[in-house]
Amino acid sequence: MLKEVDKSISIDGRDIRLKVGLLAPQAGGSVLIQLEDTAVFVAATRAAGREGIDFLPLIVDYEERLYAAGRIPGGFLRREGRPPERATLISRLIDRPMRPLFPGWLRDDIQIVATTMSLDERVPPDVLAVTGASIATLLAGIPFNGPMAAVRVGLVGDDFIINPTYDEIERGDLDLVVAGSPDGVIMVEAGANQLPEQDVIEAIDFGYEVIRDLIQAQRDLMAELGIEPALITPPEVDTTLENFITERAKDPVKQILSQFELTKTDRDTELDAVKASLVTEIEALPEDDPVRVAAMADGKAIGNTFKDITKKLMRRQIVEDNVRVDGRKLDEVRPISCRTHLLPERVHGSALFQRGLTQVLSVVTLGTPGEEQEMDDLHPDEEKRYMHHYNFPPYSVGETKPMRSPGRREIGHGALAERAIIPVLPPKDKFPYVVRVVSEVLSSNGSTSMGSVCGSTLALMDAGVPIVKPVSGAAMGLIKEGEEVRILTDIQGIEDFLGDMDFKVAGTDDGITALQMDMKITGLPIEVVAQSIGQARSARLHILNKMLEAIDQPRTELSPFAPRLLTIKIDSEFIGMIIGPGGKTIKGITEQTGAKIDIQDDGTVTISAVDRDKAKQARAIIEGMTRKLSAGDVYVGKVTRIIPIGAFVEFLPGKEGMIHISQLADYRVGKVEDEVTVGDEVIIKIREIDNRGRVNLTRLGIHPDEAAAARETSAK
């Protein structure tokens with residue numbers, strides 16, 4: 001049992017409190033980390049490894065409890081169910097900087113669970129959860145190349161802010177999360193409002209300086225508790241099998257990797273043939289041969305060893321010869337092709353983006369304001385107007401496997417593309433549509449997330465969405481061998497799989513809109529990060545120019561099958577009247593016109609219909625119902641019914657008044673039918689509106705000019 005410690009760390013004038021030794025005594029290690037009134041509890045637990053596991057079975061879960069914000073969950077069960085999308089993204093945010101810091105040989109089951117237990121609406125919990133994961137892991141005595149910490153950096157005006165509030169994030173031009181270890185920056189996640197590259201680099205550097213303080217505070221906490229870092233000395237490994245495979249595979253693999261004309265499929269086929277010959281040779285050895293014994297002891301040993309050799313040779317070729325497996329230079333982008341309007345117009349917008357063997361089809365759907373996504377999580381934003389969904393079917397990599405609901409990877413890639421596009425979307429008052437983009441990955445060989453950004457930009461312009469500027473994206477890679485560092489532009493699958501970094505950068509020609517950097521090593525100095533961002537700009541602009549050859553600006557006309565939106569503003573006092581009891585009135589307007597009507601609390605009414613005339617008809621009805629009437633106004637109306645004492649006239653859609661028999665003519669009228677019949681068009685003037693809101697009309701005292709003006713207005 002740890003002794004109970006309550007420690008504070010002062011960061012930028014605010015205290016982060018750490019409580020250890022109080023909660024979850026059976027967990028390996030745990031901490032309650034708190035900033036203001038936001039408190040996140042993080043526990044890390046380690047269990048003995050399972051037989052046959054050849055990877056690190058790390059599970060990271062972020063849990064939200066709505067009691068943290070004083071709310072009861074919706075739905076029939078009134079309890080939390082499947083994690084919302086933002087919770088999944090925070091789970092990934094914790095996992096990405098933690099995973100590279102565990103030693104490569106570790107095979108024990110490790111689980112990290114972070115739970116937001118209290119939420120101050122000014123303080124996001126995600127970066128607290130990331131730092132808490134490092135502390136809990138250190139307390140659990142798990143081998144770990146930490147400490148690690150994360151901070152958020154905002155930019156309001158010209159000032160960088162550490163761990164900004166939700167309001168400051170909303171008002172600012174940058175929302176950046178940076179995580180770091182003693183070796184440098186290990187993870188970056190950012191959304192930006194077309195910020196210049198240099199501003200983003202300075203923000204990362206600014207955040208890492210604070211991370212150094214958080215790392216030292218964790219070291220001080222461990223010293224205070226008397227906890228020594230867990231040993232991370234790798235276990236001794238028998239190299240008999242490795243030496244055997246290296247001796248026989250080195251030359252043929254090197255030759256295959258240097259055949260730049262090979263396609264990915266051909267290269268994989270030839271490498272598989274070399275591996276198969278090794279398996280055959282090893283199986284032919286005597287049963288007591290040390291090589292065969294080692295191979296039989298672990299069914300995956302031959303494949304894993306062969307992969308390690310391929311990785312070493314590919315990396316050496318890049319570092320020593322500055323040449324990649326497909327013959328490209330380090331800063332060269334693969335061939336690009338772009339097409340728009342690929343699908344019929346019933347699809348509101350579509351585009352196909354291909355870079356090398358990576359191919360993404362993006363499809364745009366325009367919806368009405370009522371189709372905004374409602375968010376049931378702890379984030380202050382309750383609705384989402386732009387949705388980007390990413391699908392990665394198995395055929396995209398030539399595989400067969402069951403299709404399931406979107407996993408964490410799909411959710412993460414969709415969120416990154418969404419973040420890249422949001423800064424260039426038109427404001428709601430100019431383009432009130434809800435927009436959904438679906439990116440279908442049809443073929444994958446690296447950088448599909450940036451392919452979806454490029455394809456979606458093209459599809460949005462094809463759909464006629466007036467985006468501020470087109471966005472392109474590129475994925476950067478890195479090979480680090482000792483002191484030698486090589487940055488790769490537009491990485492393909494093998495370079496991502498066998499490399500040390502996946503750094504995705506998206507933006508316009510003015511600046512960056514989104515960043516995501518993940519490492520497989522324990523950190524990078526800021527200078528290398530800056531070089532990667534600079535090299536990415538050249539790639540982005542090259543890709544953008546290719547995109548603009550396909551479509552250089554948004555189309556001026558929407559698809560004929562897209563809904564037509566008309567927006568009007570009414571006094572909020574009329575909202576209840578338009579809706580009617582039980583929604584009867586608004587349903588009646590919808591049935592009469594075929595238009596869909598959405599009403600917001602501020603009185604904004606959005607009317608949508610594929611047929612614009614139907615939308616205009618619904619608008620006329622609502623305008624008529626909500627128009628403030630005044631005595632003396634003159635209208636053209638139609639007689640709707642007759643009673644003995646007068647005639648009822650509809651003079652505006654949904655507005656009716658009565659002409660008393662005495663007001664039908666300037667002489668005595670015997671019967672109403674002598675003057676008007678149902679369906680007659682008449683010129684009327686509002687005589688008075690009584691205290692019950694009833695409108696009394698007259699045909700008397702109307703000047704010819706007033707009548708002419710009323711007819712002209714009616715014709716419009």
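**Close-up views of a predicted model**

**View 1. A five-stranded sheet, starting from one bridge pair.** Cys 338 has Phe 353 in S12 as its bridge partner. This is a predicted model, and the pair belongs to a stretch where S11 and strand S12 (residues 349-355) run antiparallel, joined over five bridges. Zoom out a little and you get an open sheet of five strands with mixed pairing, in the order S11-S12-S13-S17-S16. Strand S11 (336-340) and strand S16 (386-391) sit at the edges, each pairing on one side only. Ignoring direction, neighbouring strands here are turned by 15 degrees against each other on average.

**View 2. Two helices lying across that sheet.** Helix H10 (residues 448-462) lies across S11, S12, strand S13 (358-367), S16 and strand S17 (434-443). Its run makes an angle of about 145 degrees to S12. Helix H12 (residues 526-550) lies across S11 and S12, and runs at about 35 degrees to S11.

**View 3. The hairpin of S1 and S2, with S3 alongside.** Strand S1 (residues 5-11) pairs with S2 in the antiparallel sense, over seven bridges. One spot to look for is Ser 10, whose bridge partner in S2 is Asp 15. The two strands make a hairpin with two residues between them, and Asp 12 in the turn has a positive phi of about 55 degrees. S2 also pairs with strand S3 (residues 29-35), again in the antiparallel sense, this time over four bridges. There, Arg 17 has Gln 34 in S3 as its bridge partner.

**View 4. The two faces of strand S2.** Follow the side chains along strand S2 (residues 14-20) and you'll see them alternate. Arg 14, Ile 16, Leu 18 and Val 20 point to one face and are buried. Asp 15, Arg 17 and Lys 19 point to the other face and are not buried.

**View 5. The second largest pocket.** This pocket holds about 1600 Å³ of space. Its lining takes in 47 residues, with Asp 175, His 379, Asp 381, Arg 419 and Ile 422 lying nearest the centre. Among the elements giving two or more residues to the lining are strand S5 (58-64), helix H3 (166-171), strand S9 (174-181), strand S10 (184-195) and helix H9 (408-421). The most comes from H1, which gives seven residues. Sorted by class, the lining has 22 nonpolar, six polar and 19 charged residues.

**View 6. Thr 513 and its surroundings.** Thr 513 is part of strand S21 (residues 512-519). This threonine counts as buried because Thr 513 has 0% relative accessibility, and buried means under 20%. Leaving out residues up to four places away in sequence, Thr 513 touches Ala 190, Gly 191, Ala 192, Gln 194, Arg 419, Ala 420, Pro 423, Val 471, Ala 506, Gly 507 and Thr 508. You've met one of these contacts, Arg 419, already: Arg 419 is among the residues nearest the centre of the second largest pocket.

**View 7. The largest cavity.** The structure holds three cavities of 30 Å³ or more, and the largest has a volume of about 40 Å³. Around the largest cavity you'll find Leu 138, Gly 141, Ile 142, Phe 144, Glu 228, Pro 229 and Ala 230. By class, that lining splits into five nonpolar residues, one polar and one charged.

Key
Residues numbered from 1 in each chain as written. Predicted model: local features only at pLDDT ≥ 70, side-chain atom pairs only at ≥ 80, totals over all residues. Heavy atoms only, no water. 1 Å grid on protein atoms, 1.4 Å probe; cavity = no way out; pocket = protein on both sides within 12 Å on 5 of 7 lines; lining within 4 Å. Points joined across faces, edges and corners; volume = space filled by probe spheres on them. Nonpolar A, V, L, I, M, F, W, Y, C, P; charged D, E, K, R; others polar. Pairing = 2+ DSSP bridges. Axes fitted to C-alpha atoms, helices over the stretch in contact; angles between N-to-C directions. Contact = heavy atoms within 4.5 Å. Buried < 20%, exposed > 50% of the residue type's maximum accessible area, 1.4 Å probe, protein only.
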